[in-house]
Protein chains: 2
Amino acid sequence: MEQGNGASRRGKRPKSGEPVVDRALSLLAAFGSEHRALGLNELSRRAGLPPSTASRLTARLLRWGALERDDHGRYVIGLRLFEVASLAPRSHGLREAALPYLEDLHEITRQHVLLAVRDGDEALLVERLSAHGAVEIAYRVGGRLPLHETGVGLVLLAAADPGYRAEWIDRLEPSSAALRLRRRLAEVRNAGLAVFERQRPAPVCSVAVPIRGRGEQVVAAVSIVVPAGARKARAYEQVVRATAMAISRGLGARGTRSHA
Amino acid sequence: MEQGNGASRRGKRPKSGEPVVDRALSLLAAFGSEHRALGLNELSRRAGLPPSTASRLTARLLRWGALERDDHGRYVIGLRLFEVASLAPRSHGLREAALPYLEDLHEITRQHVLLAVRDGDEALLVERLSAHGAVEIAYRVGGRLPLHETGVGLVLLAAADPGYRAEWIDRLEPSSAALRLRRRLAEVRNAGLAVFERQRPAPVCSVAVPIRGRGEQVVAAVSIVVPAGARKARAYEQVVRATAMAISRGLGARGTRSHA
């Protein structure tokens, strides 16, 4: 709605006020894992801005350090943004509290260890520790994962507000898939654990457990990703639970329980 | 200079164009490690903006996800910024390439492991791995360290452009300190290694080695931080060199050398 107001105002008073902020943010949003370095033309095209506007705003972002230029003169995301983002409680703050325990889990198991939070309709990967020899997975820190097709995603969706969850599930097609997911999430809530197996790109299985904060609400999920199948993965269940409980304790959860 | 123009223009044409972007960025810059959650009044005061302006711009940043509100209604840095910042080549990109080797170093030594890059006149900490039992240090990921008073800082300053380095050193007072630092940086360049000892807040010693990228330029520094003193620290010299060389190789440095 606010955007609507801004847009209609813009027609009468060109260049005024906050829409400029949205345009600057759209320049940042133009970058992606497949587009980490962009020339001005590509940047303005991806941001949906005229080149002259992109050029002017890019200069501001460069000066502040939100953008930098690489050796080829292309624009890349700058260190200053990393510095500011490191203050985000739901990513780096959580990571700081969790990292020592994630490292223990990683060292004990020599498998991939993931830490994720829910952001909107997806899971956002906050940390990933990997061994040289572990199975190949494509997840990267800062990347997004589908809620219903990953272990951490299932844990986060199972813990979401019931109204939100119902709405999310109802969007699934066909309705039999929605029904299956609804049952599955109930199991995840009961067990305080999700086991998720998939065959592509490589056959892997993940075991995920919720992390609770002060007030017992689920704030994140930790998982281990091992070569399939599920029976082998089940052997990691206890150690992942222990890791999640240690992190929850550190975050101030009181009756740290592994069951919901 | 550009900012000066913007400010003078602002007097004639209030609210026009890019200065708004600078104001929005100043809201992000208002956060710090001691100020991770801010109410609107504190936020507007720290950003140097009238509350009405801060309120309007904050709404935009909230909507985009650069800011979020915590359980107490205070503003905090949002996950969306973490997501965008994860695309920065000089922080997360470097981190992705370095992390497996940093983990090896950490597991072998059970000591703090730091990864830093130079940003302006300081070192920026891109990664830190710590053991439960290691000596207490205050450094945090995303935090800044002085170039002349840390191991990684000395390595990065020693590798900086000679003109920049000379200017940096000349700013030091008294001139005897500048002379000492100049000699020390020459030693660091020769050895391809810095050993830095300090007594406060806790007596620690770090051993730092440069990481090279494609084209052999120094792009980062890795260090290990152990309880003082330097003699004990020297025992870690070879393993830190091996780590730096492995990372450099991964980054495409050809004649990966430990000496400058």
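**Exercise 1.** In this predicted model, determine whether A:Arg182 is buried, partly exposed or exposed, and identify the residue whose side chain meets that of A:Arg182 in a salt bridge.

*Solution.*
1. The relative accessibility of A:Arg182 is 38%.
2. Buried requires a value under 20% and exposed a value over 50%, so A:Arg182 counts as partly exposed.
3. The salt-bridge partner is A:Asp170, with an N to O distance of 3.1 Å.
4. The two residues belong to distant parts of the chain, twelve residues apart: A:Arg182 is in helix α9 (residues 175-191) and A:Asp170 in helix α8 (residues 162-170) of chain A.
5. A:Asp170 has a relative accessible area of 53%, and is therefore exposed.

**Exercise 2.** Establish which parts of chain A are tied together by the pair A:Glu122 and A:Arg144.

*Solution.*
1. The side chains of A:Glu122 and A:Arg144 form a salt bridge at 3.3 Å, N to O.
2. A:Glu122 lies in strand β4 (residues 122-129) and A:Arg144 in strand β5 (residues 144-146), so the pair ties together parts of chain A that are 22 residues apart in sequence.
3. A:Glu122, at 34% relative accessibility, counts as partly exposed; A:Arg144, at 27%, is also partly exposed.

**Exercise 3.** Explain why the salt bridge between A:Asp22 and B:Arg63 joins two chains.

*Solution.*
1. The closest N and O atoms of A:Asp22 and B:Arg63 are 3.6 Å apart, and the cut-off is 4 Å.
2. Because A:Asp22 lies in helix α2 (residues 19-29) of chain A and B:Arg63 in helix α4 (residues 51-64) of chain B, the pair joins two chains.
3. B:Arg63 is partly exposed, at 37% relative accessibility.

Methods. Residues are numbered from 1 along each chain as its sequence is written. Chains are lettered from A and ligands numbered from 1 in the order in which they are written. This is a predicted model: local features need pLDDT of at least 70, side-chain atom pairs count only at pLDDT 80 or more; totals for chains, interfaces and linings use all residues. Side-chain values use heavy atoms; hydrogens and water are left out. Helices (H or I, at least four residues) and strands (E, at least two) are DSSP runs, numbered from the N terminus. Buried means under 20% relative accessible area, exposed over 50%, partly exposed in between (1.4 Å probe, protein chains only).
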